[in-house]
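Got the viewer open? Let's take a walk through this one together, selecting one piece at a time.

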Amino acid sequence: MTGGTWKHAPGFYAGDRPQVVTSRFQYEDSYTLERYLATDGYKGLRSALARPANEIHDEVKNATVLGRGGAGFPAGNKWGLMPQGVWPRYLVVNGDESEPGTYKDRLLMERDPHQLIEGCLIASYAAGLSQCFLYIRGEMALAQERVAAALNEAYAAGYIGKNILGSKFSLDIVLHWGAGAYVVGEETALIESLEGNRGMPRLKPPYFPAANGLYGQPTIVNNVETLANLPWLLNNGAAAYTAIGTATSPGTRMVAVSGHVNRPGVFEIINGITTFRDLLYGDEFCQGIRNGNDLKAFVPGGGSAPWFTPDQLDLPFEASQVGPAGSMLGSGAIMVMDSTTDIPRAALTLTRFYAHESCGKCTPCREGGTWLERILSRVVDGKGTDADLDQIFEVGESICPGAFPHASNEKLGIAAVPFPYRMNTICFVGPSAYAPVHSALTLFRSEFDARIVKRTMIKVTAVSE
Amino acid sequence: MARLTEENVRLAREIIGRYPKARSATIPLLHLAQEQDGYVTNEAMSHIGELVGASSAEVFGTASFYEMFKFEPVGKYLINICGTMSCALMGAEELMHHAEERLGIKMGSTTADGKFTLERAECQAACTEAPCLQVNYRYRYRVTPDQLDTLIDDLSAGTLSSEIPAHGVVASVRQHIPADRGVGAVAPETVTENPVWLDGKAAL
């Protein structure tokens, strides 16, 4: 064991807060089996195996472990959606982190792969799953190497495979690697990709792959961070878990804050309590906006989320409050824009992302996303017209009518709907292309108007004979 | 040339064996082919089709969806500069212009000596360390134009070859499931009953 603390867990700051999933980040050799075992590693699995599976499932349900991928659906309830008596059932771990602004699953895989593996084992034992596939984003070479090495160590030491730790519980965990496609983070697209196909989301219903997933069998798709919570939960119990955070958002959350702050970083924060103001201005977090500038706007939950302005700084990290305020917590990613930011150009970087990552299955997203990108580029380049700005709304509303509050909705008789949106596409990539440009245009209209080419309309009158 | 080598076929069969259905191994095998030749050749795709029971068109259909697979030679070093929001806010555009000028090529093209390919990439999950880039999927954080120059110098001189393998090699550590420990793939048609550890009790 090399010991000592590691100075370069890039971007991560521990602070003086509870550490559910990041407790080993301080060690230079945090990813080795040796360090893992020296710090209570695989103890949660041992205690789980000594109890009946349904009791472990209850423990996870009682702790209300919310899914950390973006939708925030409680993991215990998700497992409960599987039809009874149907086997085999599969576990697919979603390690395809690629939502703009999100940086946490990669850290968890690179810095503590055994914790993730133990989480997979506990989930599979509790929900009676037959085989586990760990899908890691293709571009994350180091995460793949660390997880592969950890799996090899764990197999050799008897933590994975046949009769784990001498029990009747047997499970294979297969490392699978992606090849670069954002949409594969959508759970049914992830399953398509794992079956060797183009990673396009499946038609809904069924809404959850729990009923019909990989190879048509019941399948649980869980995010890396969600599963990484399980070893601590088993070691400390549901009561200790819910003692952190609030009743509706228990435990901690990994949050990445990037952009124009003095100290961008990844933090494990107390769920439900920590506010955006704490995060952006707090001494233990980002320590204010760079160069003492004013805050202009921020994206509160990954590139797909509608934007907030300084007015919403005092909202806590709690879905039941952020939702009604018009946005979402998503994947725990905050991107901060200071007063010097060119808003139309910033919105373009996100809309271009979603247009680029559209899988092409649904027309409103495939065509609409590209239209939005082209119109917006034209405006950014100073070649747009007033008609272009109207067109942005028109195209956006055809992707997800009434998803975001907007003046012309009233004219069309569409009431704004909270998350999840009403949308004309199978998955959220389409609405995500519209969200940033919609926010930018409604919140900072004057910046767009300033770049518009004013054209004089010439009235053409028919000449009567 | 360009079909999988004997050693890679052995590896391919080991990988296929982990999945309930062979087709699931398509993407891992495409990575294997890309590692072997630096890009994915037509011959390799037909060979993969034979191994997983799909036509070469089906393999190409899957492969062409994913950004990492290249169907013509690219530079030994693929430099992906992230241009999504956090990186853009912190100066990614300037970094891209600098890279284009330094290497004398546009984004999406390869230098004449076949050493470097430049690509504009989308979010690489290192947003707090913006602007970031990857060289053959190995990260560099908070990159300034000067640091980019040094990086290109080092790559040209070959001083980083132990850390950054040639394009195609994604992970230098592979999973290996020991024969005596592995459970084996659980195919949908093979199991219909509760797993033994549930002792006959339904899990949920």
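**Stop one: a glycine in a loop**

Start by selecting A:Gly360, which sits in the loop linking helix H13 (343–357) to helix H14 (363–380) of chain A. Keep in mind as you look around that this is a predicted model. Is A:Gly360 buried, exposed or partly exposed? A residue needs 20 or more other C-beta atoms within 10 Å to be buried, and 12 or fewer to be exposed. A:Gly360 has 14 within 10 Å, so it counts as partly exposed. Now add A:Gly430 to your selection: it is 70 residues away along the chain, yet the two C-alpha atoms are separated by 10.0 Å.

**Stop two: all of chain A**

Zoom out and colour chain A by secondary structure. You should find 18 helices and eight strands. The radius of gyration of chain A is 23 Å, close to the 23 Å from the globule rule for 465 residues, so chain A is as compact as a globular protein of that length. Turn it along its principal axes and the C-alpha atoms fill a box of roughly 100 × 50 × 40 Å. Of its 465 residues, 59% count as buried. If you draw the contacts with a separation of 6 or more, 72% of them in chain A join residues 24 or more positions apart.

Next, give each domain its own colour: domain 1 (33–242), domain 2 (252–338) and domain 3 (343–449). Pick out domains 1 and 3 of chain A, whose C-alpha centres lie 34 Å apart. Their contact takes nine residues from domain 1 and eight residues from domain 3. On the domain 1 side, you'll find six nonpolar residues, one polar and two charged.

**Stop three: into the core**

Which residues touch the most other members of the largest nonpolar core? Select A:Val92, A:Cys120 and A:Leu134; the core they belong to has 211 residues. Helix H6 (residues 113–127) of chain A supplies the largest share of this core, with nine residues. Now centre the view on A:Cys120. Leaving out residues up to four places away in sequence, A:Cys120 touches A:Leu91, A:Val93, A:Cys132, A:Leu134, A:Ile173 and A:Leu227.

**Stop four: where the chains meet**

Show both chains and select the residues in contact between them: 81 from chain A and 66 from chain B. On the chain A side, helix H7 (residues 141–156) gives the most, with nine residues. Colour that side by class and you get 36 nonpolar, 35 polar and ten charged residues. For the complex, the predictor gives an ipTM of 0.96 and a pTM of 0.94.

**Stop five: chain B on its own**

Hide chain A. Chain B holds seven helices and four strands, and if you trace it from the N terminus, the order is α-α-α-α-β-α-α-β-β-β-α. Its radius of gyration is 21 Å, well over the 17 Å that the globule rule gives for 204 residues, so chain B is more spread out than a compact globule. Along its principal axes, the C-alpha trace of chain B spans about 65 × 45 × 30 Å. Of its 204 residues, 45% count as buried.

Colour domain 1 (6–63) and domain 2 (77–157) of chain B; their C-alpha centres are separated by 30 Å. Finish by colouring chain B by confidence: the average pLDDT is 94, and 97% of the residues score at least 70.

Definitions and conventions:
Residues are numbered from 1 along each chain as its sequence is written. Chains are lettered from A and ligands numbered from 1 in the order in which they are written. This is a predicted model: local features need pLDDT of at least 70, side-chain atom pairs count only at pLDDT 80 or more; totals for chains, interfaces and linings use all residues. Two residues are in contact if their C-beta atoms, placed from the backbone, lie within 7 Å. Helices (H or I, at least four residues) and strands (E, at least two) are DSSP runs, numbered from the N terminus. Ala, Val, Leu, Ile, Met, Phe, Trp, Tyr, Cys and Pro count as nonpolar, Asp, Glu, Lys and Arg as charged, and the others, Gly among them, as polar. A nonpolar core is a set of buried Ala, Val, Leu, Ile, Met, Phe, Trp, Tyr and Cys residues joined through C-beta atoms within 7 Å. Domain bounds come from an automatic or database domain assignment. The radius of gyration is taken over C-alpha atoms; the globule rule is 2.2 Å times the number of residues to the power 0.38. pLDDT is the predictor's confidence in each residue, from 0 to 100.
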